[in-house]
Amino acid sequence: MSSALQISASISSNSSSFLNCGFGIRPSKSSLPPASRSHGICLCVAAPSEQTGTYKTKVSRNANMAKLQAGYLFPEIARRRSAHMLKYPDAQVISLGIGDTTEPIPEVITSAMAMRAHSLSTVEGYSGYGAEQGDKNLRAAIASTFYGDLGIEETDIFVSDGAKCDISRLQLLFGSNVKMAVQDPSYPAYVDSSVIVGQTGLFQKDIEKYGNIEYMRCTPENGFFPDLSTVSKTDIIFFCSPNNPTGSASSRDQLMQLVQFAKDNGSIIVYDSAYAMYISDDSPQSIFEIPGAKEVAIETSSFSKYAGFTGVRLGWTVIPKELLFSDGFPVAKDFNRIVCTCFNGSSNIAQAGGLACLSSEGLKAMKDVIGFYKENTEIIVDTFTSLGFNVYGGKNAPYVWVHFPGRSSWDVFAEILEKTHLVTTPGSGFGPGGEGFIRVSAFGHRGNVLEACKRLKQLYK
Ligand SMILES: Cc1ncc(COP(=O)(O)O)c(C=O)c1O
């Protein structure tokens with residue numbers, strides 16, 4: 001793999017990197033093969049161009065960047081997808097691999113953003129830099145909507161340009177001198193940001209793990225909740241529920257164990273609740289529903305998968321005042337310093353959209369879109385179940401986790417792509433614990449999801 005691709009791999013772990021259409025520039029749609037044109041899939045990020053000259057600066061490469069794995073999941077999928085489209089230029093490729101939303105943003109939300117945008121053209125409505133921590137009204141609305149009676153206040157909320165960005169800012173806050181734990185499998189941004197800030201050792205190819213990270217195995221056998229009696233003490237515990245990729249949400253009892261475990265070890269939990277609104281059962285939607293969590297946990301979340309804001313960019317992180325470092329210094333105060341140094345506040349237009357999301361009509365509109373994706377999820381779950389597969393997730397998340405025992409995730413990915421022109425995600429890309437699984441995303445237009453399921457039924461009947 002080229003060095004440019006390695007860089008692109010390290011910075012991108014979701015949809016954009018799937019859509020690899022060459023380096024450097026965003027090609028015009030007309031230059032694409034028919035399959036990609038018909039699905040509007042060329043959205044590749046501008047990545048650095050490959051080395052062309054021989055002149056070198058005297059700056060050494062950051063050794064932590066060099067630790068990142070070249071064979072990273074999403075660019076490899078993009079490469080295979082591109083090769084497939086070259087081989088079958090007329091194929092109708094459908095992606096159920098991308099964790100990106102597909103349905104339009106409800107108008108109650110876009111009209112608020114449009115109004116805010118227009119007001120910037122007026123003397124009265126113009127505003128420049130806002131508060132780094134976010135608009136006061138939006139912070140208050142997030143606190144009351146998502147944490148109503150949990151004792152989280154407006155001042156505990158930091159509005160951001162998305163959960164992924166906050167994950168990296170949190171790593172900057174913790175620094176290189178901590179050890180972290182992650183669920184295995186898990187959303188790749190936790191591990192990669194840990195590598196980048198220098199918390200880890202080298203990647204150990206034989207076990208497919210980085211040194212100095214505690215991988216907490218989550219399997220069907222343990223209900224996708226780690227056996228904490230076998231987990232070593234770490235400073236930081238990244239925990240995502242509902243989980244990407246397994247789609248499973250932890251129960252109240254499990255989260256009580258997690259909070260107790262953190263307290264016993266003096267650890268901080270970074271709880272990623274980016275899919276909490278997809279929960280259908282009585283699993284907690286926030287870690288702060290667990291008594292005592294305010295002393296041990298941070299929560300990060302996002303409008304991305306609730307309101308189709310993956311491109312608009314808006315999220316938030318909650319750091320309760322009660323959360324203290326070992327010297328008694330409030331974690332929120334240090335995070336405030338990081339935010340003021342590294343971030344100049346979320347876009348005022350995006351924040352107007354966020355506020356509209358939390359109005360009563362906005363909330364209803366978001367729930368309707370989530371309901372649509374949940375119907376997609378049911379269609380996918382029913383398809384794989386009817387074919388005799390063991391299927392996990394789906395109930396509380398837009399991801400379906402399908403087991404192909406004894407098979408390599410990449411082989412299954414390749415078989416499905418070759419025989420049905422469907423893109424899925426090999427589970428092993430989310431950590432060694434994902435081997436033998438594929439992740440199927442429910443983000444898609446209904447027609448595509450139905451067509452994809454028809455093809456899967458033909459393949460595995
Ligand atoms: C678990 C999880 N956290 C965070 C994110 C990123 O969210 P955002 O778009 O707010 O950066 C994603 C995106 O796929 C995700 O799956």
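Helices here are DSSP runs of H or I with at least four residues, strands are DSSP runs of E with at least two, and both are numbered from the N terminus. This is a predicted model, where local features need pLDDT of at least 70, side-chain atom pairs count only at pLDDT 80 or more, and totals for chains, interfaces and linings use all residues. Residues are numbered from 1 along each chain as its sequence is written, and side-chain values use heavy atoms, with hydrogens and water left out.

**Exercise 1. The loop with T246**

Task: Find where T246 sits, and work out why it counts as buried.

Solution:
- Start with the location: T246 is in the loop between strand 7 (236–240) and helix 10 (252–265).
- Next, the label. Buried means under 20% relative accessible area, exposed means over 50%, and partly exposed is in between (1.4 Å probe, protein chains only).
- T246 has 2% relative accessibility, so it counts as buried.
- Now look at what T246 touches, taking contact to mean heavy atoms within 4.5 Å. Setting aside neighbours within four places in sequence, T246 is in contact with P185, F224, Y392, G393 and W401.
- Check the prolines too. P242 belongs to the loop between strand 7 and helix 10, and its bond to S241 is a cis peptide with omega about -10 degrees.
- P245 is also placed in the loop between strand 7 and helix 10; a cis peptide bond joins N244 and P245, with omega about 20 degrees.

**Exercise 2. The ligand**

Task: Describe what surrounds the ligand, and say which residues come nearest.

Solution:
- A residue is near a molecule or strand if one of its heavy atoms lies within 4 Å of it. There are 14 residues around the ligand, and D272, Y275, S302, S304 and K305 come nearest.
- Sort the shell by class. Ala, Val, Leu, Ile, Met, Phe, Trp, Tyr, Cys and Pro count as nonpolar, Asp, Glu, Lys and Arg as charged, and the others, Gly among them, as polar. That gives six nonpolar, four polar and four charged residues.
- Then ask which helices help: helix 8 (163–174) and helix 11 (304–307) each supply at least two residues of the shell.
- Go through the polar contacts, which are pairs of N or O atoms within 3.5 Å; within protein, one must be able to donate a hydrogen and the other to accept it, and residues adjacent in sequence count only if both atoms are side-chain atoms.
- An oxygen atom of the ligand is 2.6 Å from an N or O atom in the side chain of S304.
- For the side chain of K305, the distance from an N or O atom to a ligand oxygen is 2.7 Å.
- A polar backbone atom of A163 is 2.7 Å from an oxygen atom of the ligand.
- Finish with the cover: the ligand taken alone exposes 400 Å², and the protein buries 97% of that. Accessible areas come from the Shrake-Rupley method with a 1.4 Å probe, and for residues, only the protein chains shown count as cover.

**Exercise 3. Helix 7**

Task: Compare the span of helix 7 with the expected value, then say what covers its buried residues.

Solution:
- The expected span of a helix is 1.5 Å times one less than its number of residues.
- Helix 7 (residues 136–147) has twelve residues and reaches 16 Å from first C-alpha to last, close to the 16 Å expected.
- Its buried residues are L138, R139, A141, I142, A143, F146 and Y147.
- Their cover includes strand 2 (157–160), strand 9 (297–302), helix 11, strand 10 (315–318) and helix 13 (348–357).

**Exercise 4. N64 and E208**

Task: Is each of these two residues buried or partly exposed?

Solution:
- N64 lies in helix 4 (residues 63–67). At 18% relative accessibility, N64 counts as buried.
- The side chains of N64 and K67 share a polar contact of 2.9 Å.
- Not counting residues up to four places away in sequence, N64 touches V195, I196, V197 and G198.
- E208 sits in the loop between strand 4 (203–204) and strand 5 (209–210). With a relative accessible area of 41%, E208 is partly exposed.
- Its backbone deserves a look as well: E208 has a positive phi of about 55 degrees although it is not a glycine.
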